[in-house]
Amino acid sequence: MHNPQLNKDGKLKHLLSIEGLPRAILNQILDTAESFTGVSEREVKKVPLLRGKTVCNIFFENSTRTRTTFEIAAKRLSADVLNLNVSTSSQSKGETILDTVDNLTAMHADMFVVRHSQSGAAHLIARHVAPHVHVVNAGDGRHAHPTQGLLDMFTIRRYKPDMHNLRVAIIGDVLHSRVARSEIHALTTLGVPEVRVIAPKTLLPQDVEKLGVQVYHDMRAGLKDVDVVMMLRLQNERMSGSLLPSAQEYFKCFGLTQEKLALAKPDAIVMHPGPMNRGVEIDSAVADGMQSVILPQVTYGIAVRMAVMSILAGSNDA
Amino acid sequence: MTTPLPEAEQLLTRLAEQLRPVITPATALVGIHSGGVWIMQRLLKLLDMPLAHGTLDVSFYRDDFNQRGLKPTTRPSQIPFEVEARHIILIDDVFYTGRTIRAAMNELFDYGRPANISLAVLVNRGGRELPIAPQFSACELPLPADKNLQLLQHEDGRFYLRLDDQA
Amino acid sequence: MKIHIKNGRLIDPKHGIDGQHDLYIAAGKVVGIGEAPAGFVANQSIDASGLIVCPGLVDLSARLREPGYEYKATLESEMRAAAAGGVTSLVCPPDTEPVLDEPGLVEMLKHRAKQLNLAHVYPLGALTRQLAGAQLTEMSELTEAGCVGFSQADVAITDTLVLWRALQYAATFDFTVWLRPEDPYLAKSGVAHDGEIAARLGLRGIPAAAETLALEIIIRLVRETGARVHVCRLSTAESVSLLRQAKQQGLPISADVAAHYLHLTEFDIGFFDANCHLKPPLRTQRDQQALCAGLADGTIDALCSDHAPVDDDAKLLPFAEAEVGATGLELLLPLAVKWAQDRQLALSTAIASITSRPAAIIGLDAGHLGLGAVADVCVFDPAQYRRIEAKSLISQGKNTPFIGMELPGVVRYTLLQGQLVHQA
């Protein structure tokens with residue numbers, strides 16, 4: 001099947017999902033991001049790469065954090081940035097996603113950064129946009145959050161350069177997590193030999209092992225000798241109901257504490273995509289502890305998004 | 001081409017001798033990836049002076065980004081010294097259109113305001129498209145536009161030049 | 001009007017006919033097979049050399065979208081599509097707007113269809129008012145108005161007591177109840193089979209158990225009430241074996257499968273292809289194989305199109321929000337022929353699954369070409385392939401997962417009661 005993310009020369013045209021991207025492209029993004037980290041430390045934190053281009057952040061689902069990092073990234077590339085929060089109310093007036101996209105295309109936007117609550121929204125937009133427009137998926141439903149997956153890989157590579165020799169555990173609500181899906185695909189594509197998921201059965205998708213992961217339901221077994229611990233956020237509304245009895249019980253069984261972390265390798269790093277629920281999925285002592293790389297993750301997010309945007313913007317068909 | 005290409009190692013020595021007189025404690029060498037960085041490293045050895053130095057990858061400043069996109073590999077630029085008021089010698093292997101040098105100067109200015117910038121190259125092949133020219137070049141070798149001149153390294157690290165037909 | 005269809009290969013599964021026989025039609029009926037009746041002089045003769053002559057197709061599920069959804073399709077557009085697909089009898093589910101729960105609405109629909117006279121239309125009445133699953137409809141009245149059975153379309157009855165009583169009441173009059181087995185809670189907001197693809201794409205899953213659990217309840221209730229139930233749109237391998245057991249026990253139960261499920265699996269969703277947003281969801285290859293085998297061995301009685309024209313705007317949405325359904329009337333014959341080809345089955349097996357077998361479920365004297373039968377006839381070229389393209393479809397619904405595919409079987413002539421209603 002034709003991969004809608006690549007152009008006819010096999011270059012990255014849209015970033016919609018990590019799944020299906022060749023390892024070389026992931027490495028190109030990570031290497032380019034490495035070059036951009038220096039830019040943020042200079043006197044002038046800008047490069048002229050996207051001068052004259054318009055990047056449009058269309059957020060059908062609110063997320064100030066993610067939108068801000070994309071905005072900073074675009075501005076450091078000298079692009080003009082347009083932010084659009086499409087509230088659900090204006091959608092219910094009958095304007096469809098594609099109407100919104102058409103309107104912005106008419107204003108000569110060159111790139112759309114899209115966040116939507118429905119899986120597949122970014123694919124739909126990418127199928128529909130004019131040939132010169134690039135689409136970056138900033139999170140679609142439960143499907144994918146590829147830039148988060150990439151910045152997590154960037155972080156891991158900084159601390160554990162030999163990806164071929166790692167054991168990684170992803171812990172928490174995999175079922176509803178676009179971050180988890182992107183992380184799993186990124187890790188397996190980059191050649192990490194052992195990826196584990198640890199969660200109760202109610203928070204795992206059916207057939208999740210077909211994504212190339214080993215399934216654990218017990219933190220103590222799952223954390224044993226891992227190099228990287230990747231926590232997932234648990235949404236408030238899922239903490240008590242038919243998925244889980246309570247946040248307390250969840251923390252007891254699947255929350256990351258110093259004591260459980262001690263089962264991982266001594267130099268294991270701890271990651272979280274944020275925002276954290278302290279005392280629900282992660283203990284504060286761990287979140288703020290020596291092994292936590294949660295803040296560097298945020299920093300690297302900008303360089304990774306700069307890399308993605310500049311690679312996409314430079315992949316126009318001749 | 002029947003005339004043999006100049007010996008790159010000889011050009012390197014010649015360039016070092018050209019630069020030696022102008023170097024002061026305020027001088028910094030900046031090599032442009034990748035040929036310029038190789039030359040800079042050899043110059044540092046030949047000159048045998050404790051000079052400030054750095055590297056530039058001008059990918060993010062190129063004027064052909066819209067046509068050609070980003071190179072598959074970029075390396076971080078590293079300017080580990082204060083650019084402000086510095087005498088900077090930019091170093092590249094082959095001088096051609098001058099566009100790379102423009103990009104490099106733009107990038108340098110994003111680090112600070114140098115006192116002056118000069119340009120040193122191994123070969124000036126002619127064909128500039130901008131009002132930029134090298135102050136120091138070890139060799140003038142005018143070439144037609146359909147030729148591509150490249151600096152390469154032997155396995156033992158010695159330099160040599162190669163001339164190809166433009167792809 | 002007397003018509004002579006000559007030189008064709010006549011396939012009439014009900015009578016075990018498969019051979020070179022001419023067909024003679026007069027006054028809307030079949031008057032001769034192989035041999036002209038005495039004194040027969042044709043007004044028109046159709047040369048069917050190299051073509052197959054078979055009964056007009058009987059489709060057990062085609063949404064015509066009238067009344068209420070004329071922006072998606074109209075009776076006229078869809079009946080023309082039926083004629084183009086060789087379909088001469090079609091059963092339509094009651095989920096129109098308003099719902100077919102009153103005799104007046106059914107009479108109106110029958111009347112409109114009769115005026116157009118492109119296919120026989122057999123409505124299913126709603127089993128409960130508004131399909132709300134609470135109050136029974138006037139089944140006797142609706143039957144008199146022309147309903148051939150009673151259905152909940154895609155709306156499950158959540159209250160098992162209501163379902164029990166509905167079956168008891170229908171059994172009183174020997175009406176057939178049509179049910180699509182799906183547990184409403186397990187299927188709630190699901191949009192894809194709960195398996196690998198749903199896991200990858202982050203789509204809400206509908207487990208196979210949603211169907212089998214509901215089917216087990218239906219089978220149990222059939223046993224308790226003696227009601228005749230037609231189970232619609234099976235999608236899982238497990239359902240096929242449950243059904244097989246139920247039939248072995250002699251329960252009055254029949255079933256159909258829609259043509260998509262013989263050819264597609266969850267993997268065809270690809271990168272969120274909304275044309276594959278179907279109910280029930282496309283499932284695994286194992287399920288697909290079992291459905292194909294079940295239809296071939298007769299466990300599943302009939303093949304239907306599950307025709308559901310959807311307007312483009314309703315499909316140009318993220319997968320889960322895109323409306324369910326695909327156009328199918330013009331694809332039923334090609335997909336049946338392809339099924340027979342892929343599985344190396346006799347063509348007559350494929351034709352039986354879309355003619356005599358579905359006709360038997362509605363208790364209709366149709367789907368065959370015996371002497372004296374109504375001359376609903378389909379003449380098609382089994383060797384010709386057609387590329388399915390939106391613009392060449394007559395249905396107002398242009399969405400189908402088969403767009404761009406080459407499918408065998410091109411309909412040349414469709415006759416309804418001895419009248420030519422389609423020619424290509």
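Which residues in α4(C) meet which residues in α6(C)? In this predicted model, the α4(C) side comprises Thr160(C), Leu163(C), Trp164(C), Leu167(C), Gln168(C) and Ala171(C). Their partners in α6(C) are Ile217(C), Leu221(C) and Thr225(C). By class, this contact has 6 nonpolar and 3 polar residues. No charged residues take part.

The geometry of this pair was then examined. Two packed helices are described by the angle between their axes and the distance between the axes. Helix α4 of chain C spans residues 160-173, and helix α6 of chain C spans residues 208-225. They pack at an angle of about 45°. Their axes lie 10 Å apart. The angle makes α4(C) oblique to α6(C). The crossing of the two helices is right-handed.

A residue with positive phi is found in the loop between α4 and β13 (176-179) of chain C. This residue is Asp174(C), with a phi of about 60°, although it is not a glycine. Asp174(C) has 11 C-beta neighbours inside 10 Å and therefore counts as exposed. Gln130(C) also has a positive phi, of about 55°. Gln130(C) is not a glycine either. The loop that holds Gln130(C) runs between β11 (125-126) and α3 (139-145) of chain C. With 13 C-beta neighbours inside 10 Å, Gln130(C) counts as partly exposed.

Chain C also contains an open sheet of 4 strands. The strand order is β5-β4-β1-β6, and the pairing is mixed. Strands β5 (29-33) and β6 (44-47) form the edges, each pairing on one side only. From one strand to the next, the twist averages 20°. Within the sheet, β1 (residues 2-6) and β4 (residues 23-26) of chain C run antiparallel. They are joined by 4 bridges. Ile3(C) stands opposite Ile25(C) in β4(C).

Two cis peptide bonds are described here, beginning with chain C. One joins Lys279(C) and Pro280(C), with omega about -5°. Pro280(C) sits in the loop between α8 (260-263) and α9 (285-296) of chain C. In chain B, a cis peptide bond joins His33(B) and Ser34(B). Its omega is about -5°. Ser34(B) belongs to the loop between β1 (27-32) and α2 (35-47) of chain B.

In chain A, helix α5 covers residues 121-128. Of its 8 residues, 6 are buried, so the helix is largely enclosed by the rest of the structure. The buried residues are Ala121(A), Ala122(A), His123(A), Leu124(A), Ile125(A) and Ala126(A). These residues of α5(A) pack against three elements of chain A: α4 (97-106), β3 (111-116) and β4 (134-140).

Chains A and C also touch each other. The contact involves 20 residues of chain C and 23 residues of chain A. On the side of chain C that touches chain A, helix α5 (residues 196-201) of chain C gives the most, with 5 residues. This side of chain C divides into 12 nonpolar, 4 polar and 4 charged residues.

Note on methods:
Residues are numbered from 1 along each chain as its sequence is written. Chains are lettered from A and ligands numbered from 1 in the order in which they are written. This is a predicted model: local features need pLDDT of at least 70, side-chain atom pairs count only at pLDDT 80 or more; totals for chains, interfaces and linings use all residues. Axes are lines fitted to C-alpha atoms, for helices over the stretch in contact, and angles run from 0 to 180 degrees between N-to-C directions. Angles under 35 degrees count as roughly parallel, over 145 as roughly antiparallel, 65 to 115 as roughly perpendicular and the rest as oblique. A crossing is left-handed if the near helix is turned anticlockwise from the far one by less than a right angle, and right-handed if clockwise. Two residues are in contact if their C-beta atoms, placed from the backbone, lie within 7 Å. Ala, Val, Leu, Ile, Met, Phe, Trp, Tyr, Cys and Pro count as nonpolar, Asp, Glu, Lys and Arg as charged, and the others, Gly among them, as polar. A residue is buried if 20 or more other C-beta atoms lie within 10 Å of its own, exposed if 12 or fewer, and partly exposed in between; C-beta atoms are placed from the backbone. Two strands pair if DSSP finds at least two bridges between them.
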